[in-house]
Amino acid sequence: MVAAGAEDAAAIWKLIEEGLPLKEVEKRAAKLVGTLGEFDTATGEEQSTTKSFAIPGTSQFVTVTVFYTDESMAAAGVGPNSILLSLVIANKKLDTAMGAPDSIQAEVSVDQFAGKIRVKKVTVLNGKKYLMGMECERKAPRAAAR
């Protein structure tokens with residue numbers, strides 16, 4: 001879970017456009033962008049993992065759910081498996097972000113796919129805009145030992 005104010009994101013882009021060395025941009029960006037938490041997911045048919053994180057300086061929580069299924073989004077040449085990412089911001093921790101009012105979702109078909117999937121949402125908290133996001137990294141399956 002990563003959170004950044006919209007103004008902060010604009011400030012980072014301005015530094016890049018000004019030609020500031022990448023190391024300096026990264027150093028300044030680290031002060032503006034925060035990670036609320038990391039977690040591993042349960043994988044397999046109809047498996048979901050939900051986590052909630054308090055948003056610092058507010059009374060709000062972000063709840064995220066990662067859901068694996070093989071019935072939702074079959075794709076030719078890929079197979080029947082998919083991953084659904086859901087994110088919602090609320091005044092309490094929720095049991096799931098899937099289907100929650102004002103939630104956002106992204107779904108992708110997967111098979112041997114390895115890479116990252118991301119979902120983002122702009123929200124206003126205490127009068128300030130924030131870009132909240134969840135990034136899911138799917139690693140390639142390990143080769144079987146012979």
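Trainee: In which strand is the place of Ala54, and why is Ala54 called partly exposed?

Mentor: In this predicted model, Ala54 lies in strand β3, which covers residues 47-54. Its relative accessibility is 48%, and since the partly exposed class lies between 20% and 50%, Ala54 counts as partly exposed.

Trainee: What is Ala54 in contact with, once neighbours within four places in sequence are left aside?

Mentor: Ala54 is then in contact with Leu36, Gln60 and Phe61. As for distance in space, the C-alpha atoms of Ala54 and Asn91 are 9.5 Å apart, although 37 residues separate the two in sequence.

Trainee: How do you know which element of the protein has the highest mean pLDDT and which the lowest?

Mentor: Among the elements, β3 has the highest mean pLDDT, 94, whereas strand β1 (residues 2-5) has the lowest, 52. For the protein, the average pLDDT is 81, and 84% of the residues score at least 70.

Trainee: What makes β3 and β6 the edge strands?

Mentor: The open sheet has four strands in the order β3-β4-β5-β6, with antiparallel pairing. Each of β3 and β6 (104-109) pairs on one side only, and these two are the edge strands. From one strand to the next, the twist averages 10 degrees.

Trainee: How do you know that β5 and β6 pair?

Mentor: Pairing requires at least two bridges between the strands, and six bridges join β5 to β6, which run antiparallel; therefore the two strands meet the criterion. Within β6, the residue opposite Leu84 is Glu107.

Trainee: Why is Thr69 called buried, and which side chain makes a polar contact with the side chain of Thr69?

Mentor: Thr69, in strand β4, has a relative accessible area of 8%, and because buried means under 20%, Thr69 is buried. Its side chain makes a polar contact with the side chain of Glu46 at 2.6 Å, a value within the 3.5 Å limit for such a pair. Leaving aside neighbours within four places in sequence, Thr69 is in contact with residues including Glu45, Pro80, Asn81 and Glu107.

Trainee: Is Ile104 buried or exposed, and what makes it so?

Mentor: Ile104, found in strand β6, has a relative accessibility of 19%, and because the cut-off for buried is under 20%, Ile104 counts as buried. Not counting residues up to four places away in sequence, Ile104 touches Leu85, Ser86, Leu87, Val119, Lys120 and Lys121. The C-alpha atoms of Ile104 and Val64 are separated by 9.7 Å, the two residues being 40 residues apart along the chain.

Trainee: What makes up the largest nonpolar core, and which strands each supply at least two residues of this core?

Mentor: The largest nonpolar core has 18 residues, and those with the most contacts inside it are Val62, Val66, Ile83, Leu85, Leu87, Ile89 and Met134. The strands β4 (61-69), β5 (82-90), β7 (115-125) and β8 (128-138) each supply at least two residues of this core. Leaving aside neighbours within four places in sequence, Leu85 is in contact with residues among which are Val66, Ile104, Ile117, Val119, Met134 and Cys136.

Trainee: How do you know that β7 and β8 pair, and which residue is the bridge partner of Ile117?

Mentor: There are 11 bridges between β7 and β8, in the antiparallel sense, and because at least two are required, the strands count as paired. One of the bridge partnerships is that of Ile117 with Cys136 in β8. The hairpin of β7 and β8 has two residues between the strands, and in this hairpin Asn126 takes a positive phi near 50 degrees.

Methods. Residues are numbered from 1 along each chain as its sequence is written. This is a predicted model: local features need pLDDT of at least 70, side-chain atom pairs count only at pLDDT 80 or more; totals for chains, interfaces and linings use all residues. Side-chain values use heavy atoms; hydrogens and water are left out. A nonpolar core is a set of buried Ala, Val, Leu, Ile, Met, Phe, Trp, Tyr and Cys residues joined through side-chain atoms within 4.5 Å. Buried means under 20% relative accessible area, exposed over 50%, partly exposed in between (1.4 Å probe, protein chains only). Contact means heavy atoms within 4.5 Å. pLDDT is the predictor's confidence in each residue, from 0 to 100. A polar contact is a pair of N or O atoms within 3.5 Å; within protein, one must be able to donate a hydrogen and the other to accept it, and residues adjacent in sequence count only if both atoms are side-chain atoms. Axes are lines fitted to C-alpha atoms, for helices over the stretch in contact, and angles run from 0 to 180 degrees between N-to-C directions.
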